[in-house]
Amino acid sequence: MTLSRRHLLTGIALLSLWSRGLHASEADAADALLALLDDRATAAGLGSSWVQKDHLQPDAILEQLQVRLRQQGWAGEVNPDHLRSLMGAAVAEDFRSGAIVTIEGWQVARTQAELCALAYFASQGIL
Amino acid sequence: MFIDGRGVPQGTTIETDIAIIGAGAAGITLARELRDAKRQVTLIESGGLESDDATQALYEGESGAVEYPLAESRLRFFGGTTNHWGGWCRPLMPIDFEGRGALGIPAWPLTRADLNPYYRRSQQICQLGAFDFDDWRPWQEKTGLAPLPLPGDEIATRFFIYSPPTRFGETYRDDVANAASIAIYLNSNVVEILPDAAAHRIERLKIATLSGAVFEIRPKLCILATGGIENARLLLASNSVQTTGLGNGNDLVGRYFMEHVTAPGQVAAIAMADETRIPYYYLHTPDVDSASMRAILMPTDDYLRRTNGLGISLSIYEAHKPGAEPKTDPARLEPSVVTLLRSMEAGKTARSGMIYGVACALEPVPSPENRVTLAQDRDALGLPKSRLTWRPTRTERDAMNRNLTALARAFGAWGGAVQVQVSDAADWADPEIGWGNHHMGTTRMSSDPKQGVVDADGRVHGIANLFIAGSSVFPSCGPVNPTFTIVALAIRMADHIKTGRLG
């Protein structure tokens, strides 16, 4: 059995969850991503039903989101315009590759859904 | 010249070169095209120049599956169903002629290229102006609006051009009524098409009127053009010689009835953060020079070939502002979705978001179980009523959902979001089913008599002088309205008659 990059990253995310709490750099990344949202509360509303349906964990979500952005060339910058542009590219790539999440019939990119899930976790004080 | 059949003396026999049964889009086009052909044309119409209840009631019939409005979906007077036609015109796509074997969709014995010259003439007859359908550049030049730059190769912008709509019975009345070579019998119902003893040639048409008159027309060449349901009904009821029905030696007449599957209301919603990003001509029907047009979205031919998909035409309209009425459950997340989309956008504007509705017409799979048969009950002329058994299948449901998911991919990658609102249940419940009042496929065209009722010329296999015009000859129908193609095929048939190719 070969270990895929995804498996590896998920393992890292789970280890991170086990360690309880985000590292400072991860917290910065989470803050930068959440700052993109015009309205965190409505995004959290979108994220909550997905999180609960699929029993998602915050560290895994944050890690996956960062992976998607890294695949678009992100190196950890927090400049909102740059980050937003990378988010757009990641969203387009999700739709191209079929990484789509359905929330009450709305078909959104997994990247978008993960951002909403992040907003939900933040609203719950989990991040 | 108009002749009221009710005044024709009982037992009269009328000789003619060409009899055309039915004065709708196909019949009137044929007669008009043949008006200078130096052959005597007799156009036979069940109704008069205006609608009347007794004649319209001859369309009443039975539904064997979905309760279908047999009488309301057609009009039985001069001009036929063009008297309430909506005017949506688009040619079939090349893929519609190719067939998709995995789905049981047969190829036409024609190509789109074969029909192109006739489509161009149909464009004139349907009063559409001179624009090309599939070249968006003239539309962009005239409107200043570019088509949606949807990413990917699955969904593309196409254009409908609207007929005024042409009421064939009014617009072309003088052309046919004033032609010396054309006699138009009104209030005259063909109740049986009678062939010779071998059923190889048509000899007589038995005509009856609601007033009780009976007379005969003896044509050298006969064209049946009464619509997708009535064409099959009349062939099946013409069973004096060929007891299973005329042209029905292979049990195909009436089978493969096709109807475009729609859904009451919308099948999807599109959320956009900026209400100005979808150009006006996707949402309304502007006049551009002499044409009235509307942009729609369709899967590309390549996508359909790749996925063995069914065609769909998707039209968009402004539904409401996000968060505005209706406050139904499915709409609960609309404002959140729009806010999310806005968060993703660079260079935000102060414009408000919009929720758009999506309506569709889906190409059906031709099925032998969807069919027109004869009912036990008879109409006022003694002819068995038609019984229509039609129900879309799981294949259509799945195809509709796949197409809407492709729409979601395209809009999602472009910056919108789509909510698919069609259930994925195995069967269609009756309230979920809509249709376009398009009746097609019941005498379908094929080079092989075992696969179709008529050949590529519209000639009934095995009957030298009987031809069929109209959408009943469509082996497949794409997702677009049939009238434009009906007219193109009628022009083609008239050309072939004029050249002597059809005898």
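**Exercise 1. Find what share of the contacts in chain B, between residues at least 6 apart in sequence, join residues at least 24 apart.**

Step 1. Apply the contact criterion: C-beta atoms, placed from the backbone, lie within 7 Å.
Step 2. Keep the pairs at least 6 apart in sequence; 75% of them join residues at least 24 apart.

The model is predicted: local features need pLDDT of at least 70 and side-chain atom pairs 80 or more, while totals for chains, interfaces and linings use all residues. Residues are numbered from 1 along each chain as its sequence is written, and chains are lettered from A and ligands numbered from 1 in the order written.

**Exercise 2. Judge how compact chain B is.**

Step 1. Count the elements: 13 helices and 21 strands (DSSP runs, H or I of at least four residues and E of at least two, numbered from the N terminus).
Step 2. Compare radii over C-alpha atoms; the globule rule is 2.2 Å times the number of residues to the power 0.38. Chain B has 24 Å, close to the 23 Å given for 503 residues, so it is as compact as a globular protein of that length.
Step 3. Add the box: the C-alpha atoms fill roughly 80 × 45 × 40 Å along the principal axes.

**Exercise 3. Describe the contact between chains A and B.**

Step 1. Count residues: 26 come from chain A and 24 from chain B.
Step 2. Locate the chain A side: α3 (40-54), α5 (80-97), β2 (106-109) and α6 (110-123) each supply at least two residues. α5(A) gives the most, nine.
Step 3. Check strand pairing (at least two DSSP bridges). Two bridges join β2(A) to β19 (residues 417-420) of chain B, antiparallel. Trp106(A) has Gln419(B) as its bridge partner.

Conventions:
Two residues are in contact if their C-beta atoms, placed from the backbone, lie within 7 Å.
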